[in-house]
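User: Please take a close look at one part of this structure and explain it step by step. After that, show how the rest of the chain is arranged.

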Amino acid sequence: MKKLTLLLAALFFLNACKKESETNSISDPNSKEVSLVQEVTKLKNDKGEEVAVTYFAEGGVVAVKIQKTGDKEQKLSAKTTNAKGNPIFTNEEVMWEMTQDGKAGKLTDKAGNSSEYK
């Protein structure tokens, strides 16, 4: 009876290990990577100027593309966070501070002039 119990326990153990390895090794080589680019958000400031903002993944971090109407598109990388924990994106020319969980932001140029977009 002891041998039968031991044999059944070993059988369950081996079966459990086999199922675990099968579930871990399943991968579809034909699967396509899901896009990590959000839809373009258009925001306006008090002067009526419009900016198009697109958040996307760049490696393991979040980045943003900013394009003011009539200007060239700029890519900014996340560098730090503000007091509320929202990311601040920068490049050599501008800084974008996300506010209201991506629904607004503050754009600051190299000279320190800033404008709030909602």
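Analyst: In this predicted model, N86 has a relative accessible area of 11%. The limit for a buried residue is under 20%, so N86 counts as buried. N86 is not part of a strand but is found in the loop between strand 4 (74-81) and strand 5 (87-90). What does N86 touch, if residues up to four places away in sequence are not counted? The list is T80, T81, M98, T99, Q100 and D101. T80 and T81 come before N86 in the numbering, whereas M98, T99, Q100 and D101 come after it.

E50 makes a useful second case. The place of E50 is in strand 2, which spans residues 50-58. Is E50 buried, partly exposed or exposed? Its relative accessibility is 27%; the partly exposed class lies between the buried limit of 20% and the exposed limit of 50%, so E50 counts as partly exposed. Leaving aside neighbours within four places in sequence, E50 is in contact with K42, L43, K44, Q67, K68, T69 and Y117. E50 and K118 are 68 residues apart in sequence, yet their C-alpha atoms are 9.5 Å apart in space.

The strands around E50 can be taken in order. Strand 1 (residues 41-44) and strand 2 run antiparallel and are joined by four bridges. In this pairing T41 stands opposite V53, and L43 has V51 as its bridge partner. The two strands form a hairpin with five residues between them. In that turn, G48 has a positive phi of about 90°.

Strand 2 also pairs with strand 3, again in the antiparallel sense, over eight bridges. Here Y55 of strand 2 stands opposite V64 in strand 3. This second hairpin has two residues between the strands, and G59 takes a positive phi near 70°.

Two of the contacts of E50, K68 and Y117, appear again at the largest pocket. K68, V94, L107, D109 and Y117 lie nearest the centre of this pocket, which has 17 lining residues in total. Strand 3 (61-68), strand 7 (104-109) and strand 8 (114-117) each supply at least two residues of the lining. Which classes of residue make up the lining? It has four nonpolar, seven polar and six charged residues. The space in the largest pocket is about 250 Å³. Rolling a probe the size of a water molecule over the atoms shows where empty space is left.

Now the chain as a whole. It has one helix and eight strands, and along the sequence the helix comes before the strands, in the pattern α-β-β-β-β-β-β-β-β. Of the 118 residues in the chain, 25% are buried, and N86 belongs to that group. Among the contacts with a separation of 6 or more, 18% are between residues 24 or more positions apart. The accessible surface of the chain comes to about 9200 Å². Carbon and sulfur atoms account for 54% of that surface.

Note on methods. Residues numbered from 1 in each chain as written. Predicted model: local features only at pLDDT ≥ 70, side-chain atom pairs only at ≥ 80, totals over all residues. Heavy atoms only, no water. 1 Å grid on protein atoms, 1.4 Å probe; cavity = no way out; pocket = protein on both sides within 12 Å on 5 of 7 lines; lining within 4 Å. Points joined across faces, edges and corners; volume = space filled by probe spheres on them. Nonpolar A, V, L, I, M, F, W, Y, C, P; charged D, E, K, R; others polar. Buried < 20%, exposed > 50% of the residue type's maximum accessible area, 1.4 Å probe, protein only. Contact = heavy atoms within 4.5 Å. Areas by Shrake-Rupley, 256 points an atom, 1.4 Å probe, with all protein chains shown as cover. Pairing = 2+ DSSP bridges.
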